[in-house]
Number of protein chains: 2
Amino acid sequence: MENLIHSFLMIGQSNMAGRGFIRDVKPIYDEQIRMLVNGRWQTMSEPMNFDRPTSGVSLAASFAGTWRLNNENQQIGLIPCADGGSSLDDWAVGGVLYENAVFQTKLAQRTSSLTGILWHQGENDSFACRSETYYDKLAVIIAALRQELEAPDIPFITGGLGDFLSTGRYGKYFTEYKSVNRELLRFANTNPNAYFVSAAELTANPDGLHFDALSLRKFGIRYFEAFKHQKNVPGPITGENELINTIQDRPFTKNEKASLLEISFGLGNLSLEDFENQLSTITAFDS
Amino acid sequence: MENLIHSFLMIGQSNMAGRGFIRDVKPIYDEQIRMLVNGRWQTMSEPMNFDRPTSGVSLAASFAGTWRLNNENQQIGLIPCADGGSSLDDWAVGGVLYENAVFQTKLAQRTSSLTGILWHQGENDSFACRSETYYDKLAVIIAALRQELEAPDIPFITGGLGDFLSTGRYGKYFTEYKSVNRELLRFANTNPNAYFVSAAELTANPDGLHFDALSLRKFGIRYFEAFKHQKNVPGPITGENELINTIQDRPFTKNEKASLLEISFGLGNLSLEDFENQLSTITAFDS
């Protein structure tokens, strides 16, 4: 069987899982964007990395949306394995987070070709001198991951921690976030197929801790820029907002419209009568 | 390390994952009720088996709530592995659903003692003569599962399919649901440590397909009855509604109140100011 799905592992802590408020952005819903659930591919919807009840918009959604603009006839699959609040020690080889990520990716590889690794982590290594060992710990984890997944050369893309971290409600916990950013950049600059994406000008939820939904849309576009051109992305990209609109305003297919109605009905947000009426108005030839 | 957590595997299709509307019942939130996420234990919140965007209240929540009434000083851990729309063939040994369930349970067993298996499945085997092979297919899966998890004797509890199935919007697809129920009961009656729980008098969401939230609360109580007394539960239990109230009206501890506020804040449903004000009103000594 030809592997039609190009899959990407999502790994790290809460800002990879995503905590953007769903209501702040238009949905990205595309039958060609899949997510791994219980080892099977489902159409991606947000939240996709449901590690906590606060899970929301993730940067991986707009990453996938941008990927789709560049790969019109192909499918992308996201493998959500990020876990809120996790430190590099929590991601140590042999630990449950690491082993779960390896296992999920191997399930995904049965029906996809692993094409990249998306990493965002470091807030929980931004204090108590943890930044000093960040590079070495990360190197061990990524080397082991590449070996176990037989993926020595695929792009490993990491993003910077937000500059809002030091000023928010929890700011006192992130005294070393700039050091972590330096180590992430150094990792990208000293390892093959590793790239660093700047979080410059991105903003936070009121918690001063998590990127807001619009910023995550931008961040995903920057991650894709790094993936596509295999280079670091040192700051904002021209046209980020236009690209977000292009992705979010993509017309839904007939099937997608029907699925979105089914979801709304399944959540009890639409009566049976309204559901059936709206379903019947979806014309047969608009996809 | 002593295994303090008693864990239960949740397996089957959508009615085990749970599609009850969250807003229809009071939340069950108890620090001693945990759920496995990325191989780690988190305080259970609903939806806990997030297999689809329509995931909601699950029977496992009130199962755990009832378990807690009977085990005041112990922790219960739920391992959510159910997947919507899955047939027994989808659960075949070696397939991704089966392997994911085994893997997740093995991760859970690092820090818990596997104490039971909760099964609800069969809607997708209620047509095209699939019910005729239900017993044999289920027997193969459960035997393999018990062996792989080294759990030959723990209770395996299954529940009946709802009597609403034949009359709803999708009724034509479930011509054999009564046969599946007979096979589930026969499985319980002919296998050691296997029990059948009746779905009698339980009702559905407007889709006529998924148990509604209140019914799932009742169903979980019946599952616990089967677990506790190691016997089939042939119908409703006296006092189900009172038991639901007892579980749902349990006073939150200080930590639980703070966590619920954090979730509300994290979802953007509470301003920073309101969050901090409400957090400060939680007295120090009420847990």
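Biologist: Which residue of chain B comes closest to the rotation axis?

Modeller: That's Phe50(B), with its C-alpha at 3.5 Å from the axis. Bear in mind that this is a predicted model.

Biologist: What turn lays chain B on chain A?

Modeller: A turn of 180°, with a shift of 0.0 Å along the axis, and the RMSD comes out at 0.0 Å. So what relates the two chains is a two-fold axis.

Biologist: And how much of the contact surface of chain B recurs in chain A?

Modeller: 100% of the contact residues of chain B turn up again in chain A, so the same surface serves both copies.

Biologist: OK, new topic: the sheet in chain B. What's the strand order?

Modeller: Reading across, you get β3-β2-β4-β1-β5-β6-β7. That's seven strands in an open sheet, with mixed pairing.

Biologist: Which strands stand at the edges?

Modeller: β3 (40-43) and β7 (194-197) of chain B. Each has a single partner strand, so one side of each has no neighbour in the sheet.

Biologist: How are neighbouring strands turned against each other?

Modeller: By 30° on average, ignoring direction.

Biologist: Let's zoom in on β1 and β5 of chain B. Parallel or antiparallel?

Modeller: Parallel: eight bridges join β1 (residues 5-12) to β5 (residues 112-120) in chain B. To pick one example, Ser7(B) has Leu114(B) as its bridge partner in β5(B).

Biologist: Which strands does helix α2 of chain B lie across?

Modeller: Helix α2 (residues 59-70) lies across β1, β2 (33-37), β4 (75-80) and β5 of chain B. Against β4(B), α2 runs at about 165°.

Biologist: And what does α5 of chain B touch?

Modeller: Helix α5 (residues 177-190) packs on the sheet too, touching β5, β6 (156-159) and β7 of chain B. The direction of α5 makes about 145° with that of β7(B).

Biologist: Switching to chain A: how do α4 and α5 cross?

Modeller: The axes of α4 (residues 134-148) and α5 (residues 177-190) of chain A come within 9 Å and cross at roughly 45°. That makes α4(A) and α5(A) oblique to each other.

Biologist: Left-handed or right-handed?

Modeller: The crossing of α4(A) and α5(A) is right-handed.

Biologist: Which residues meet there?

Modeller: From α4(A) it's Tyr134(A), Tyr135(A), Leu138(A), Ala139(A) and Ile142(A). They meet Val180(A), Glu183(A), Leu184(A), Arg186(A), Phe187(A) and Thr190(A) in α5(A).

Biologist: How many of the contact residues are nonpolar, polar or charged?

Modeller: The contact of α4(A) with α5(A) has eight nonpolar residues, one polar and two charged.

Key: Residues numbered from 1 in each chain as written. Chains lettered and ligands numbered in written order. Predicted model: local features only at pLDDT ≥ 70, side-chain atom pairs only at ≥ 80, totals over all residues. Heavy atoms only, no water. Axes fitted to C-alpha atoms, helices over the stretch in contact; angles between N-to-C directions. Helix = DSSP H or I, 4+ residues; strand = E, 2+ residues; numbered from the N terminus. Parallel < 35°, antiparallel > 145°, perpendicular 65-115°, else oblique. Left-handed = near helix turned anticlockwise from the far one by under 90°. Contact = heavy atoms within 4.5 Å. Nonpolar A, V, L, I, M, F, W, Y, C, P; charged D, E, K, R; others polar. Pairing = 2+ DSSP bridges. Least-squares fit on C-alpha atoms with pLDDT ≥ 70 in both.
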